[in-house]
Amino acid sequence: MAVRPEYLEKGLLGLSRAHLANTMTGYLGATLVAGYLLSEEHRELDRKVHAGIEKELDRVLNGESVFDPGEGGPIATSELFVPYPDEAMQVDQIDRIAQVLSGNIGETRSSGHNVIFASLSIRALQEYPRYATSSVIDGICRLIGGFDRASAGSGYYGREKGRIDGDMITLPEHSDFPPYSNPEGMIEAVLDELLESAAERRQGYGGLWHVINHAASLIDLSECGYADLAQKGLEAHHRNVRLWRSLPNVEDELGTEEPAEEDPCTPVYWECGALRRDRARLTHRIKTLYGFHRLTCMVEDTTRLQRARDALRYLM
């Protein structure tokens, strides 16, 4: 049993209408798409894991995400997911999403949301072309274009400095962290960061959730036929990691990080009734599971991979 296809359709509808509220509303549709793709890729998981994922997606549909537009907004949650009137497929128009993304992929925008939302859309539409209609593609293009003037995101630098926009941060040069020359170098850097800092309490720039998901989105872009575009995005991801590294560990102020007791690929994780809901975990949890598995399928070192799975539990 995998997640039902209706979640994929609603996810693409949600992505296409998110621009009617704001760019962060894209989280809702992106989570639904990621949940479906994750479940399809890993049908070997226990059916209770798939059921647990569906329950999380239902929470998103029911308006429980912190990124939900809310009552009285420009568009109601339920309206995000209403099907469009019947339209012909426009598969040849999917490339327009990549064209819009090419205008902002070279800079770190909103901790990589531009790339994450675009790549999930492109992959889903390529693999399930019946959803590639003009209305869906037009709306997603508007969403991705909305990041053209977005900042890099923001981070919390402790009680004295507070939260600072990433565009205002002067990043030191790190001779031990040169720019990536290829996607493989990016994956290694992401795993290094996960292993080294998952247990620390840093806050901002989308956290390690986005360090992982931003990287996975570039892998998806490359595998969808946009290798040159993905290569163009490596520098922005590298800056995202450098911004993350610039954050202090504020556990003395905000408390320590605690890992999930169970592996999220096991039924007991989803049935324990104690899934954390703070810091937007409702949407981050699903997308990061998807992103983590997209990256680690390319990792051959089984010992390193197991260590990374253990570290991932701090994000779950």
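# Exercises on a predicted model

A236 sits in helix α11, which covers residues 234–246; helices (H or I, at least four residues) and strands (E, at least two) are DSSP runs, numbered from the N terminus. The model is predicted, so local features need pLDDT of at least 70 and side-chain atom pairs count only at pLDDT 80 or more, while totals for chains, interfaces and linings use all residues. Residues are numbered from 1 along each chain as its sequence is written, and side-chain values use heavy atoms, with hydrogens and water left out.

**Exercise 1.** Decide whether A236 is buried or exposed, and list its contacts beyond its neighbours within four places in sequence.

*Solution.*
Step 1. The relative accessible area of A236 is 2%. Buried means under 20% relative accessible area, exposed over 50%, and partly exposed in between (1.4 Å probe, protein chains only). A236 is therefore buried.
Step 2. Contact means heavy atoms within 4.5 Å. With neighbours within four places in sequence left aside, A236 is in contact with I105, G106, E107, T108 and H214.
Step 3. The C-alpha atoms of A236 and G112 are separated by 8.0 Å, and these two residues are 124 residues apart along the chain.

**Exercise 2.** Place L282 and A280 in the secondary structure and classify each by accessibility.

*Solution.*
Step 1. L282 belongs to helix α14, residues 281–296. A280 is in the loop between α13 (267–271) and α14.
Step 2. L282 has a relative accessible area of 7% and is buried. A280, at 11% relative accessibility, also counts as buried.
Step 3. Leaving aside neighbours within four places in sequence, L282 touches T31, E56, R59, V60, E64, S65 and R277. Its C-alpha atom is 9.6 Å from that of M316, 34 residues apart along the chain.
Step 4. A280 has a positive phi of about 60°, although it is not a glycine.

**Exercise 3.** Find the loops that hold T133 and Y205, and state whether each residue is buried or exposed.

*Solution.*
Step 1. T133 is in the loop between α6 (113–127) and α7 (134–145). Its relative accessibility is 9%, so T133 counts as buried.
Step 2. Not counting residues up to four places away in sequence, T133 touches E87, A88 and Q90.
Step 3. Y205 lies in the loop between α8 (183–197) and α9 (207–223). Y205 is buried, with a relative accessible area of 1%.
Step 4. Y205 is not a glycine, yet its phi is positive, at about 55°.

**Exercise 4.** Describe the protein as a whole: its secondary structure, its compactness and its nonpolar core.

*Solution.*
Step 1. The protein has 15 helices and 2 strands.
Step 2. The radius of gyration is 18 Å, close to the 20 Å that the globule rule gives for 316 residues, so the protein is as compact as a globular protein of that length. This radius is taken over C-alpha atoms, and the globule rule is 2.2 Å times the number of residues to the power 0.38.
Step 3. Of the 316 residues, 54% count as buried.
Step 4. A nonpolar core is a set of buried Ala, Val, Leu, Ile, Met, Phe, Trp, Tyr and Cys residues joined through side-chain atoms within 4.5 Å. The largest one has 99 residues, of which L12, I97, F117, L125, L194 and L221 touch the most other members.
Step 5. Apart from neighbours within four places in sequence, the contacts of I97 are A118, S121, I122, L125, I137, I140, C141 and I144.
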